[in-house]
Every structure is written in C-alpha cells, then in structure tokens.
Amino acid sequence: MSARQGIVLRCYGPGEQLKAEEVELVAGPGETLVEMDVASVTQLDRTVLAGKLAQQLQPPFVPGSEGAGVVVDSAVYPSGTRVVIRGGGVGVARPGTWGSMAVVPDLSVHPLPVGLDTAEALALLAPALTAHTAVRRVAGVVPGETVVITGATGLVARLCAAVARAAGAGKVIGLVRSNESVDHLTRLVDQVVRVDELGQVGRELPWCDAVIDTVGGPVTSGVMSHITPGGRIAILGYTAGEFATLDLHQLIGRDLRVLPVNMQRTTIEAGTVAQVLADIAPAPITPDLDMVAAARVDDALDRLSGGTAERRVLLDLTRLR
C-alpha cells in the first residue's frame, strides 16, 4: 500500500494547544486509509486530551474517537466508499481522526448507506447507538408489537422511534407534554398522546407491548399501567424525575419487566454501527450541529462544554488538505 501525505492535529500534553503537522500515512495489514471530511468532538476526546485515561497513547498523539470520510486505500473497502469511523481504540489507544487523513483498523470502518449525509450521520451516531441499545438489545422489540416512546420530541426518543420502525414495530406511539409541538414527529410515530403538567398519562394511551422511557419520574409510573401482560419497559433517562412509584401488584400480576439501559456497560458488537446507520437512514431526523473549522479546535472544545446535550460539535477537516 502506498504512503500518503496528510496534516494531523497533534496533542503534546494536557493543557497544551494542538499543533497541525504534516505526516506520512500508510495503511498496514488490517488497516484502512481514509481521507477525512469531518470528525466528532466528544466528551471522550476531552478526557483523552486531559490525560485522564489510564491506558492511552503518550504525547504526541492525534485525538479523535469518531469521524467520517472516504476510503483511499484498503484491502476490505473499495476506494471512494463513504464511511464512518468508530471503535477499535481509535483516538484512545491509537491515533485518531483529527486530521486530513487517518489510518484506522478495518473493524472501525463502517460504510454509510446511500442517501445519508456524512456530517448528519456522524452527529447522530452516538444517540442512535443509545436508541439501538434501548430498542433492539434491551427491550427486544420484534415485528408487530406496539411500542410507546416517552419524551418523544427529544433527539434520542425520535431515534428510538426510527429504530422501532426499522425493527418492525406494528405501531409506534409518542408520549409528549401537553404544550409541546409535535412537528418533528411526522412520519416517526403513528399516534401522539399527551401527558399533563404533572406527568399523568391519559386513558387514551392504548395497551402496548413495550415502552422506551426517556424521561422517568411520574411518567414511568403512568405508562406501566398500559403495558400488556408479559411486556416490558426499558428506562434510559430521568429528566422528568429520578424517582417513580411502581405498583407491585400490577408488576407481579402482569409479569412486567423493568429494564435499565446502561450504555457504560454496553459493548458495541461487530455489525452494530452498520445496522444503526441502516435503521436511521430513512428517518426524517436532522440533528442540531455546530461545524467548526479544524484550525479552531479549541473553540470546538469550548462549544462542547457549553452546549446542550442534543447539540453535536463537529470539526471540518476538509480545510487541512
């Protein structure tokens, strides 16, 4: 495989400014050379830059645990394939994605479905992996089931709806607050049911097989009374309250399962990223994102610390070429 010249952002230690440097890159056995378009700026990257991980590359190193671009050289993927990069120790145990080019393990390369925008796919990847874990792995949604998504207007909740549809759910119901706009739910849910200011669920909520609960609190208690015998509720958030009252009579009598979604203890298995991208590709979901020039990486890190949980920060790496 031939060597290519590229410019990367190198870190020389915690608290030091990253430096753009020209390097020679070549993909070895089991590796793919990617021309980078964009890269995520994540909390994991901040942790690596601060030197807070026990096992990571010693300075100088190239940060960046996620990114997207086009394959240049690979024994696995044809040249020109649009891909997302994630996993395989990229940006933590080996050089990362913050550069005009990156050499990454073949297993960390995931082809993008046709029609999915590169930057939007990268911005949606982390919350979509959470949605996939909640819907497919924890709740185990199967074709034909009725699924309720609480807090349905949130980004992760909308992605849960998209994954539930991809998993074959027969009906997807979105639970929202009484004063919320539901414009973003078009084509994602079949029915919208509103909860009152106290989080109480109305009787119009039909019986369901599974609930993906993104808000917790009194909403959790309310939706449990609408789950069919043998059904389950997967809980991945508690923005509406950290405490919920469970009716043990209905929990035991209807054999309901309460299932926590813990992403810190979840291993992303081979093929998962590809399935996640395929699940969300048809969904009408546009993420809120900030695109920052690579030369202003410090600004990107500041935006990450000061932004909202749903707003994604990406580095534009095209100007490094």
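**Exercise 1. Find the backbone nitrogen that the side chain of E180 reaches, then place E180 in the model.**

Solution.
Step 1. The side chain of E180 reaches the backbone nitrogen of R177 at 2.8 Å. The model is predicted: local features need pLDDT of at least 70, side-chain atom pairs count only at pLDDT 80 or more, and totals for chains, interfaces and linings use all residues. Residues are numbered from 1 along each chain as its sequence is written, and side-chain values use heavy atoms, with hydrogens and water left out.

Step 2. Look for a side-chain partner. The side chains of E180 and T153 make a polar contact at 2.6 Å. A polar contact is a pair of N or O atoms within 3.5 Å; within protein, one must be able to donate a hydrogen and the other to accept it, and residues adjacent in sequence count only if both atoms are side-chain atoms.

Step 3. List the contacts (heavy atoms within 4.5 Å). Leaving aside neighbours within four places in sequence, E180 is in contact with T153 and R194.

Step 4. Locate the residue. E180 is in the loop between β9 (171-177) and β10 (191-195). Helices (H or I, at least four residues) and strands (E, at least two) are DSSP runs, numbered from the N terminus.

Step 5. Judge the burial. Buried means under 20% relative accessible area, exposed over 50%, partly exposed in between (1.4 Å probe, protein chains only). E180 has 15% relative accessibility, so E180 counts as buried.

**Exercise 2. Place E31, and state which side chain it joins by a polar contact.**

Solution.
Step 1. E31 is in strand β3 (residues 31-40).

Step 2. Its relative accessibility is 19%, so E31 counts as buried.

Step 3. The side chain of E31 makes a polar contact of 3.0 Å with the side chain of R94.

**Exercise 3. Describe the length and surroundings of helix α3.**

Solution.
Step 1. α3 covers residues 155-166, which is 12 residues. From first C-alpha to last, α3 reaches 17 Å, close to the 16 Å expected at 1.5 Å a residue. The expected span is 1.5 Å times one less than the number of residues.

Step 2. Count the buried residues. In α3, 9 of 12 are buried, so the helix is mostly covered. Among them are L155, R158 and C160.

Step 3. Ask what covers them. The cover includes α2 (118-138), β8 (146-150), β9, β11 (208-213), α6 (272-280) and β15 (312-316).

Step 4. Go just past the helix. G168 takes a positive phi of about 100 degrees there. G168 lies in the loop between α3 and β9. At 27% relative accessibility, G168 counts as partly exposed. Not counting residues up to four places away in sequence, G168 touches V142, P143 and G144.

**Exercise 4. Explain why C160 and C208 form no disulfide.**

Solution.
Step 1. Recall the chemistry. A disulfide is a covalent bond between the sulfur atoms of two cysteines. The cut-off here is a pair of cysteine sulfur atoms within 2.5 Å.

Step 2. Check the distance. The cysteine sulfur closest to that of C160 is in C208, 14 Å away, too far for a bond. From C208, the closest is that of C160.

Step 3. Give the total. The structure holds 0 disulfides.

Step 4. Add the burial. C160, at 0% relative accessibility, counts as buried. C208, at 1%, counts as buried too.
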